[in-house]
Amino acid sequence: MQILVCIKQVPGTSKIDVDPVTGVLKRDGVDSKMNPYDLFAIETALRLKEQKGGTIKVISMGPPQAKEVIKEAFMMGVDEGVLVSDRKFAGADVLATSYAISQGVRQLGNLDLILCGKQTTDGDTAQVGPEMAEYLGIPHIANVLRIIEVKESSILVEMDMANTIEMAEIKFPCLLTVEKDIFQPRLPSYKKKLSTKDREIKTITFNDLEDKNEKRYGLSGSPTQVERIFPPSVNTDRETWTGTGAELSSQIADKLKQLKFI
């Protein structure tokens, strides 16, 4: 199987500054890590390769520093890595991001399966995977909880829906977004770190893409923009009450009324 996993480098902390003009996160100089949900997608790909053989590639979009998460993927057992990176892609919303990545995917040849984590911890939209599939013109299934069977030309999966668990069969090539309970991700290997430290990571820039219409990328290609984003306020105030059960119950009721919760 030819498998592609989409991964992303996300901030490793919740203390992030926001550009007051563009409304996007300032990622420069911020500690970063691989999006935790993507680890489950990588593990799913590795299990499928162990079962069916083939090659696993990862693709990420971001600044040059995002190569670090691709190197981490190598340490887990991934074969190849590609970074989609260009200043023209900066400030993209989910639609422009999906389009840019899908254009990068088109440079990678024929693929059987594309895997994505359910969502990212910095955006939480869960939209990029399905939107990529639409741009690529392939079928897709979200919220995949279990791989039931891999057939010659299709894959049978179990989906975790809001109120039900459903089964569906989808033909290759296709895209799946996986839940965090699908598999337990393995730890990176130090031996693989040493053996892959010089492995090439291909970079795809704007000039490499088929569609060079700048209005489809970055801020220019983003029909949605964040109007306002801000860190949550931190409230460390606390009160300690003592008394009998009846006294404490009365105090709690009075406090809830004061806060207008009841």
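I'll walk you through the main sheet of this structure and the helices that pack on it.

Okay, so keep in mind that this is a predicted model. What we've got is an open sheet of nine strands with mixed pairing, and the order reads S9-S8-S7-S10-S6-S1-S4-S5-S11. The edges are S9, residues 165-171, and S11, residues 201-204, each of which pairs on one side only. If you ignore direction, neighbouring strands in this sheet are turned by 35° against each other on average.

Let's start with S1, residues 2-6. S1 runs parallel to S4, residues 55-61, and five bridges join the two. For one example, Cys-6 has Ile-59 in S4 as its bridge partner.

Now, the helices. H1, residues 36-52, packs on the sheet and touches S1, S4, S6, S7 and S10. The direction of H1 makes about 150° with that of S6. Then there's H4, residues 128-136, which lies across S1, S6, S7 and S10. Against S10, H4 runs at about 180°.

Both helices bring us to S10, so how many of its five residues are buried? Five of the five, so S10 is largely enclosed by the rest of the structure. Cys-174, Leu-176 and Val-178 point one way, Leu-175 and Thr-177 point the other way, and all are buried.

And who pairs with S10? S6 does, in the parallel sense, over five bridges, with Leu-115 partnered to Leu-176 in S10. S7 pairs with S10 in the parallel sense too, over three bridges, and there Val-144 has Val-178 as its bridge partner.

That's my tour, thanks.

Terms used. Residues numbered from 1 in each chain as written. Predicted model: local features only at pLDDT ≥ 70, side-chain atom pairs only at ≥ 80, totals over all residues. Heavy atoms only, no water. Pairing = 2+ DSSP bridges. Helix = DSSP H or I, 4+ residues; strand = E, 2+ residues; numbered from the N terminus. Axes fitted to C-alpha atoms, helices over the stretch in contact; angles between N-to-C directions. Contact = heavy atoms within 4.5 Å. Buried < 20%, exposed > 50% of the residue type's maximum accessible area, 1.4 Å probe, protein only.
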